Amino acid sequence: MTMTARERAHRNAQEADAIRAADAAVAGLKEALARVGVVLPSVRVGQPVSGSGFVDLGGCSAGTVTTLAELLNAAADARPDLRARTP
């Protein structure tokens with residue numbers, strides 16, 4: 001089954017929206033991490049998945065991961081409302 005031009009245009013618009021959302025998320029993450037001196041060198045916009053923006057976090061050094069974990073734990077300690085709810 002082939003898509004009509006209208007269906008293709010709608011799909012392209014959805015993908016463009018998803019990519020814009022992922023791009024904004026990447027920029028926000030990079031900015032937030034830079035505030036605490038953390039750089040994830042491989043973070044980038046990926047292809048949309050199921051119509052949603054996708055961010056590829058890539059890889060980084062063990063030291064960077066340790067620092068990131070420490071920062072997240074400190075945030076969870078400082079802001080209990082940010083903690084995940086466990087069943």
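This briefing covers the fold, the surface, the salt bridges and selected residues of one protein. The model is predicted. The protein holds 2 helices and 2 strands, and their order along the sequence is α-β-β-α. The radius of gyration is 18 Å, well over the 12 Å that the globule rule gives for 87 residues, so the protein is more spread out than a compact globule.

**Overall shape and packing**

- Along the principal axes, the C-alpha atoms fill a box of roughly 50 × 35 × 20 Å.
- Of the 87 residues in the protein, 10% are buried.
- Contacts with a separation of 6 or more were also sorted by distance along the sequence. Residues 24 or more positions apart account for 40% of these contacts.

**Surface and charge**

- The protein has an accessible surface of about 6800 Å². Carbon and sulfur atoms contribute 57% of that surface.
- There are 10 positive and 9 negative charges. The mean positions of the two sets lie 4 Å apart.

**Salt bridges**

- The whole structure contains 4 salt bridges. Among them are the three pairs described below.
- Aspartate 17 and arginine 20 pair through their side chains, with an N to O distance of 2.4 Å. Both residues sit in helix α1 (residues 5-35). They are 3 residues apart, so about one helical turn separates them. Aspartate 17 is partly exposed, at a relative accessible area of 45%.
- Aspartate 56 and arginine 44 form a salt bridge at 2.9 Å, N to O. This pair links distant parts of the chain, 12 residues apart. Aspartate 56 belongs to strand β2 (residues 55-56), and arginine 44 to strand β1 (residues 44-45).
- Both members of the strand pair are partly exposed. The relative accessibility is 24% for aspartate 56 and 47% for arginine 44.
- Arginine 79 and aspartate 81 also meet in a salt bridge, 2.6 Å from N to O. Arginine 79 is partly exposed at 42% relative accessibility. Aspartate 81 is partly exposed as well, at 45%.

**Strands and the loop between them**

- Valine 55 lies in strand β2. Its relative accessibility is 25%, which counts as partly exposed.
- The C-alpha atoms of valine 55 and arginine 44 are 5.9 Å apart. Along the chain, the two residues are separated by 11 residues.
- Arginine 44 is also one of the contacts of valine 55, leaving aside neighbours within four places in sequence. The others are Ala22, Ala25, Val26, Val43 and Gly46.
- Arginine 44 thus has two partners described here: a salt bridge joins its side chain to aspartate 56, and valine 55 is in contact with it.
- Serine 50 sits in the loop between β1 and β2. Serine 50 is exposed, at 76% relative accessibility.
- The phi of serine 50 is near 50°, a positive value in a residue other than glycine. Most residues other than glycine have a negative phi.

**Buried positions in the helices**

- Alanine 18 is in helix α1. With a relative accessible area of 4%, alanine 18 falls under the 20% cut-off and is therefore buried.
- Alanine 18 contacts Pro48, Gly51, Ser52 and Gly53, leaving aside neighbours within four places in sequence.
- For glycine 53, the C-alpha separation from alanine 18 is 4.1 Å. The two residues are 35 residues apart along the chain.
- Threonine 64 is placed in helix α2 (residues 62-78). At 17% relative accessibility, threonine 64 is buried.
- Threonine 64 touches Val38, Val39 and Leu40, not counting residues up to four places away in sequence.

Technical notes: Residues are numbered from 1 along each chain as its sequence is written. This is a predicted model: local features need pLDDT of at least 70, side-chain atom pairs count only at pLDDT 80 or more; totals for chains, interfaces and linings use all residues. Side-chain values use heavy atoms; hydrogens and water are left out. Helices (H or I, at least four residues) and strands (E, at least two) are DSSP runs, numbered from the N terminus. The radius of gyration is taken over C-alpha atoms; the globule rule is 2.2 Å times the number of residues to the power 0.38. Buried means under 20% relative accessible area, exposed over 50%, partly exposed in between (1.4 Å probe, protein chains only). Contact means heavy atoms within 4.5 Å. Accessible areas come from the Shrake-Rupley method with a 1.4 Å probe; for residues, only the protein chains shown count as cover. Lys and Arg count as positive and Asp and Glu as negative; His and the chain ends are not counted. The place of a charge is taken as NZ of Lys, CZ of Arg, CG of Asp or CD of Glu.
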